[in-house]
Each structure stands twice: as structure tokens, then as C-alpha cells.
There are 2 protein chains.
Amino acid sequence: MSNNLRIVIIEDDEILRKGYELLLSDVEDFSIVNSYGSYDLAKKQLKEDAPQVILLDINMPGTSGLQAIPEIKKMLSNTHIVILTVFDSAETVFEALNMGADGYLTKNASSEKIIEAIRDVCNGGGVMSINVARIVMHSFQKNLNSPLTKRETEILKRIAAGQTKTQIADELFIDQNTVRSHVKNIYIKLDVNSKSEAIKTATKNRFI
Amino acid sequence: MSNNLRIVIIEDDEILRKGYELLLSDVEDFSIVNSYGSYDLAKKQLKEDAPQVILLDINMPGTSGLQAIPEIKKMLSNTHIVILTVFDSAETVFEALNMGADGYLTKNASSEKIIEAIRDVCNGGGVMSINVARIVMHSFQKNLNSPLTKRETEILKRIAAGQTKTQIADELFIDQNTVRSHVKNIYIKLDVNSKSEAIKTATKNRFI
DNA sequence: GATATATCACCCCTTTTGGGTGATTTTAGC
DNA sequence: GCTAAAATCACCCAAAAGGGGTGATATATC
């Protein structure tokens, strides 16, 4: 009993919260030590709860789940956070991962997936449900209709990496003037007239 | 029969290739139209094969799977590519996704997963197996031990986005001298003395 | 053979950068 | 409440990089 996996649920929808509680307390080696309707309600007691895993909703009254992540991480550095939410925009996913979430499941995840995810994060894994993976994957796929040539793309990538034209010229074994020439063409094609604009436009359109 | 899902397998290991063939040809609405031991062997006939899905290995004699992706995409724009490989370094995964792969499975994926993945990509989804998801997730998680303060991180992010100190000062409503001051501290903390080095170091260590 | 791409050359001037040395005010941790 | 860290601003300097203009040439690619 004492070696059970300690779990806390933070979810404002009472039906869902009770549902998760029921589901997870049925698992032999899981212990639901507490469940809360918001992070604000949870935060004073989390230290005492000392959970290994927190199932965290994002959309909650008061402090949002995203804001809560760094606070939890600070307070309980060894606790794994699994986001369990309906939100699945690319921005939300990335922000959650950036904040330090160990997993991101959407609420249509099956019981087995949730249980599996809890075990996985405890073993140092990261977990995401398939539709989240889909979002992440798509956000990586380059725009195939880039107006930039191969060389121009190469150069713009390096500019985005902070390299100067001199460095780029050296590393590509071409003249600085050639780099300048490419950069000019890049600016024309992207309809910009500075480095930052070029990076912004190219990033937004996934040309690099 | 004519409405069957047309699949091509490109995999140099004959045992595996035959195994996949056997597995997938058992699925009612799947048709293995062809299978090849390398992309070089496949490329002349792929157009004729007109597959909806290609299962593609990465490590193959001749043209690698990664190099093959853009070629396939160009030749068969509506064909979905699912990488099926033992390689699962973050770089490889990202490169494959960047090249335009629609899925990335590792070879320990179960039969059901592979079949599910094939159906998923045909429905416009992206697919990744759990260990790949793990890699992707970890590569997103910021280094929590960054020596940089919040403000310094903010400023370095903007420098990485190609903004000049003037622009940064304007957008953050602070003086250019303040930005300069922060940048100097950033350089000291990262032990670098130029923009590009700072971006490189910070990116490598996931400080930004 | 025409068009796109990649390569290089020289002009101009303005902006940015990086280094140095300082100070003041907030903010945050103990 | 004290102390240290962080954030803010000021002014010096010279070198580097940036951006705009206008060209040429070779090599692909179609």
C-alpha cells in the first residue's frame, strides 16, 4: 500500500473529476491521494499530498493549468505532470511542453491510455495522445511551396541561427558578395527589407 | 478490390519486408502492390505502383529513406509516407518530419499499430509511436537550470528572432542601453562574445 | 534557347555591435 | 528588514555588419 503510486487530480468539471477518480482508484497500485476543482484550491495542500503524478486540466477557474505547471515544478520537482484537456491547439501544446509538462492527453483518451500514460511518465517517459502527436507533426512539416531556392533557404536558416554574412560565406566556401546577393533575393521574394522581418515571414510560412 | 488501399514497402531487410507483406496483405482492404529492397530499386516503378501509402525504412543501401522522402513527394504528391525504422534519434525524427513524412514508427511497433497508422495517415493524420513521441516531447522541454533570468531569456529569444537591440528596446519599452546591458550579462553567463555564439549555446542547452 | 540559379564585384552610407565603466531602482530570498 | 540579484539607464569608442543600388558570368534546369 505504501508503495502505491500517488496521484492527484486537478480538474474543474466535477463529473469528469469523479470519473477519473473512480477509474484510477480501481487500479491496484494507484492511490488517488486527493482531487481538486482548481489549482488555487490545490496549491496549499500539494506539498502534503506529495503526488508522483498530477493529472492537470488547463481550462480552470483562477490559475490556469498552464500557469500552474511551473509553480508545481518548483514546489514538487519530482512530480510528473500530465495535461488532460480538451484544448489541443498547437500553441497550447507547445506552451504546455515548454512549461515542463511530461504528457499531454486529450479528454477523448481511453481509460487504458490514461493508465498507461501515468505509468509511462513515472518511468521517465513523455506521453502524448495521437491527435496531439498529429498537431506536433504538422507543425513541423515544411511548406513545400517555398519561393526560396535551396541555397537561399540554407542561407536564411543560417541567418536565423544568428550567423553573420561573413560567417556564412566562410562556412559555405563562397564570397561574402554572393551571400549578400542571395540575401537581397531573399528579401525581394519575401517582400521584406530586414533580417528580422525575413526570419519572421519565413518562420511563419515554414520556409525554413 | 479496386478500392483497396494500395501500399508499397521499401525495406532492405528481407525478413522484415516479407513479414510486413504477409501481415498487411492479410488485412481485407489493403493491397501490397509491390515491395522493394531499396529506394533506388523502387523509384522507376513507383509511379506505376501508384501507392496511397509507402512504408519506408531509413537505413538502406543507396539512397537513404530520408533523402527519398522529398523525391517521392515530388513524384507522388498524394502518397503518404510512413517511416518504419530502428533509428529514433531526435535529429532523425525531425529531419524525417521536415522532409514531409506523415508518420514515424519504430520497428518495435505492434501489427495493430502499423495497420492503424496506415489508416490514420490516409485520413490526413500524423502518426508517431510512443517512443518517438517521447523523443519529440523531451526535445521541447526547456532546460530548467538556465543561468539566464526571465528578462535575459526574453531578450535572447528576440535576438534569435533576428531583432536588433533597437527593435527590442522599442517593443519592451526599455532603453537601448538596458538591452545592451542585458546582452552583456547574457554573454558573460554563456561565456560567449557574439550574437551567433549566444544563440548557438542557448539553443543547444535549450535555454530559449 | 530561355529562364532561374548561383556565383562574384564595387559603389554608397547608416545602423548595429561589442567592449569598457559606471550608477540607480526594483525585486526577491533569507 | 537586510542583502543579493535583477532590471533599469548613461556615455565612451572603433570595428563590423547591414542594406540599397547596379552590374557581370557561369551553370543548371526546363
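## How the protein meets DNA strand D, and how chains A and B meet

A phosphate oxygen of DNA strand D sits 2.9 Å from an N or O atom in the side chain of B:Arg151. This is a predicted model, in which local features need pLDDT of at least 70, side-chain atom pairs count only at pLDDT 80 or more, and totals for chains, interfaces and linings use all residues. Residues are numbered from 1 along each chain as its sequence is written, chains are lettered from A and ligands numbered from 1 in the order in which they are written, and side-chain values use heavy atoms, with hydrogens and water left out.

**Around the DNA**

Let us begin with the phosphates. A polar contact is a pair of N or O atoms within 3.5 Å; within protein, one must be able to donate a hydrogen and the other to accept it, and residues adjacent in sequence count only if both atoms are side-chain atoms. Here are the distances to phosphate oxygens of DNA strand D:

| Residue | Part of the residue (N or O atom) | Distance |
|---|---|---|
| B:Arg151 | side chain | 2.9 Å |
| B:His182 | side chain | 3.0 Å |
| A:Lys165 | backbone | 3.3 Å |

Among the strand D atoms within 4 Å of the protein, 61% belong to sugar or phosphate, and bases supply the rest. Of the 18 residues around the strand, those that come nearest are A:Arg180, A:Tyr187, A:Asn193, B:Thr149 and B:Asp175; a residue is near if one of its heavy atoms lies within 4 Å.

Which element gives the largest share of this surface? That is H10(B), with 5 residues. Helices H9 (165-172) and H10 (176-190) of chain A and helix H10 (176-190) of chain B each give at least two residues. Helices (H or I, at least four residues) and strands (E, at least two) are DSSP runs, numbered from the N terminus. By class, the surface near strand D has 2 nonpolar, 9 polar and 7 charged residues.

**Between the two chains**

Chain A and chain B each bring 32 residues to their contact, meaning heavy atoms within 4.5 Å. About 2,700 Å² is buried between them, with carbon and sulfur atoms giving 59%; buried area is the accessible area (1.4 Å probe) that two parts lose on being put together, summed over both. A:Asn98, A:Met137 and A:Phe140 supply 22% of the area that chain A buries against chain B, more than any other three residues.

There are 2 salt bridges between the chains, each a side-chain nitrogen of Lys or Arg within 4 Å of a carboxyl oxygen of Asp or Glu. A:Arg134 forms a salt bridge with B:Asp120, with the closest N and O atoms 3.6 Å apart.

Conventions:
Nonpolar A, V, L, I, M, F, W, Y, C, P; charged D, E, K, R; others polar.
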